Amino acid sequence: MNSLNIKYIYSQVLQDVANRLDKAYDNFFRRINEKEKGKKIKAGFPRFKSKKVYKSFTYTQSGFEILDKTHLKLSKIGKIRMFRHREINGEIKGLTIKRENTGKYYAIFTVNENNNINYSLIPDKPIGFDLGLLSLIKTSNDEDIEPPKYLRKSEKKLKKLHRSLSRKNKGSKNREEARIQLAGMDNHISNQRNDFAQKLSNKLIKEYNFIAFEDLNINNMVKNHKLAKSIEDASWGSLIKDIIYKAESAGKSYLKVNPKYTSMKCSKCGNIKNDLTLDDRTYHCDVCGITIDRDLNAAINILNDAIDKIFKMFIIKHKKKSRHGLSPILCP
């Protein structure tokens, strides 16, 4: 970038670019150190990003101003029109302008939210849930939420758009129009998933005071090519991320538990059933004789494991405070 172009860019935007570059090299050297220690990863030297790939720039502290409900002023750019999707609550700390593949631009504000929560209205109910593919969520109180399967429903249209794009000549105007149509469809599916995850996480946060779920390694699970498409379509990662940040923002509690044996263990007596297969949708315990839906059994185990984990943490905490070696008194 020459000096003639730099003077048309706000200084903090350039500083943010330098910070991104520093972060990319820091991550690169971190991966090298991890690889030398035996971890099987690629170092991944930072790659140059052309203007077609570089899709966002950030005003970290200043250089922008909201003029009214429909206009935004950006330093070195000027006054632009915007459509506000929702009110901004809290102190604005930064702004990122992001360009989607469809050519649309989004203004993303970073804010410190002011949460005025009436905790007396929060229902004092704990919940545990099991993530799945047949049922997106099965809760410990036997609520069943089906996966929306937005990608599956749009596959025919996506294939048609991909074929249309492949037939167009490279560099032609028709190919660019076909690319924008395909990007628009991808963006539509992404928005559908995000909207569903936002609404479902809102529902869980409003209804429950404590939420327990499995600490799943989703990145490893999608390496299974038979399940990868279904897992990505279910958007487990987005849902969990939304629940975590909304719980923290609303002053609610959540806990991740070890997924080991949550499906194999009997929620009534604790017996481990090692011969349980993925095709078994009903859990029957050979010890206590209980027969229960497999996913419901797992959801109850997840909640019980979370409560047990909190109980043990409480005991350890009070044992450390005890001066005389006496057993702590647990108050309800």
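Is Arg 281 buried, partly exposed or exposed? With a relative accessibility of 32%, Arg 281 counts as partly exposed. The structure described here is a predicted model, and Arg 281 offers a friendly way into its salt bridges. Arg 281 pairs with Asp 295, and the closest N and O atoms of the two side chains are 3.0 Å apart. This pair connects distant parts of the chain, 14 residues apart: Asp 295 belongs to helix α8 (residues 294–321), while Arg 281 sits in the loop between β11 (253–257) and β12 (282–284). The two partners also fall into separate classes of exposure, as Asp 295 counts as buried at 12% relative accessibility, whereas Arg 281 is partly exposed.

The structure holds 14 salt bridges, and two further examples lie within helices. In helix α2, which spans residues 11–36, the side chains of Glu 34 and Arg 30 meet in a salt bridge with an N to O distance of 3.2 Å. Glu 34 and Arg 30 are 4 residues apart in helix α2, which means that about one helical turn separates them. Glu 34 is partly exposed, with a relative accessible area of 23%, and Arg 30 is likewise partly exposed, at 38%. The pair also belongs to a wider arrangement, since a network of salt bridges links Arg 30, Glu 34 and Lys 39.

The other helical example comes from helix α4 (residues 173–207), where Glu 207 and Lys 203 are 4 residues apart, about one turn of the helix. Their side chains form a salt bridge in which the closest N and O atoms are 3.5 Å apart. Here too both partners count as partly exposed, Glu 207 at 30% relative accessibility and Lys 203 at 28%.

Charge also gathers on the surface. Lys 156, Lys 157, Lys 159, Lys 160, Arg 163 and Arg 167 form a positive surface patch. One of its members, Arg 167, is found in helix α3, which covers residues 150–167. Arg 167 is exposed, with a relative accessible area of 62%.

A surface patch of another kind is nonpolar. It is made up of Leu 21, Tyr 25, Phe 29 and Phe 45, which together have about 410 Å² of accessible area. Leu 21 lies in helix α2 and is partly exposed, its relative accessible area being 48%. Helix α2 also contains Asp 26, which is exposed, with a relative accessible area of 53%. Asp 26 and Pro 46 are 20 residues apart along the chain, and their C-alpha atoms are separated by 10.0 Å.

The cysteines deserve a careful look. The structure holds 0 disulfides, although several cysteine sulfurs can be paired up by distance. For Cys 266, the closest cysteine sulfur is that of Cys 288, at 3.6 Å, which is too far for a bond. For Cys 285, the closest cysteine sulfur is in Cys 269, at 3.5 Å, again too far for a bond. The cut-off behind this reasoning is that a disulfide requires two cysteine sulfur atoms within 2.5 Å. Cys 266 is buried, with a relative accessible area of 2%, and Cys 285 is also buried, at 1%.

Finally, the backbone holds two residues worth inspecting on screen. Asp 142 has a phi near 70 degrees, a positive value in a residue other than glycine. Asp 142 is placed in the loop between β8 (137–139) and β9 (144–145), and its relative accessible area of 46% makes Asp 142 partly exposed. Lys 149 has a positive phi as well, of about 55 degrees, although it is not a glycine. Lys 149 is located in the loop between β9 and α3, and at 43% relative accessibility Lys 149 counts as partly exposed.

Terms used. Residues numbered from 1 in each chain as written. Predicted model: local features only at pLDDT ≥ 70, side-chain atom pairs only at ≥ 80, totals over all residues. Heavy atoms only, no water. Patch = residues over 30% accessible without salt bridge, like charges linked within 9 Å, V, L, I, M, F, W, Y side chains within 5 Å. Areas by Shrake-Rupley, 256 points an atom, 1.4 Å probe, with all protein chains shown as cover. Salt bridge = Lys/Arg side-chain N within 4 Å of Asp/Glu carboxyl O. Lys, Arg positive; Asp, Glu negative; His and termini not counted. Charge placed at Lys NZ, Arg CZ, Asp CG, Glu CD. Buried < 20%, exposed > 50% of the residue type's maximum accessible area, 1.4 Å probe, protein only.
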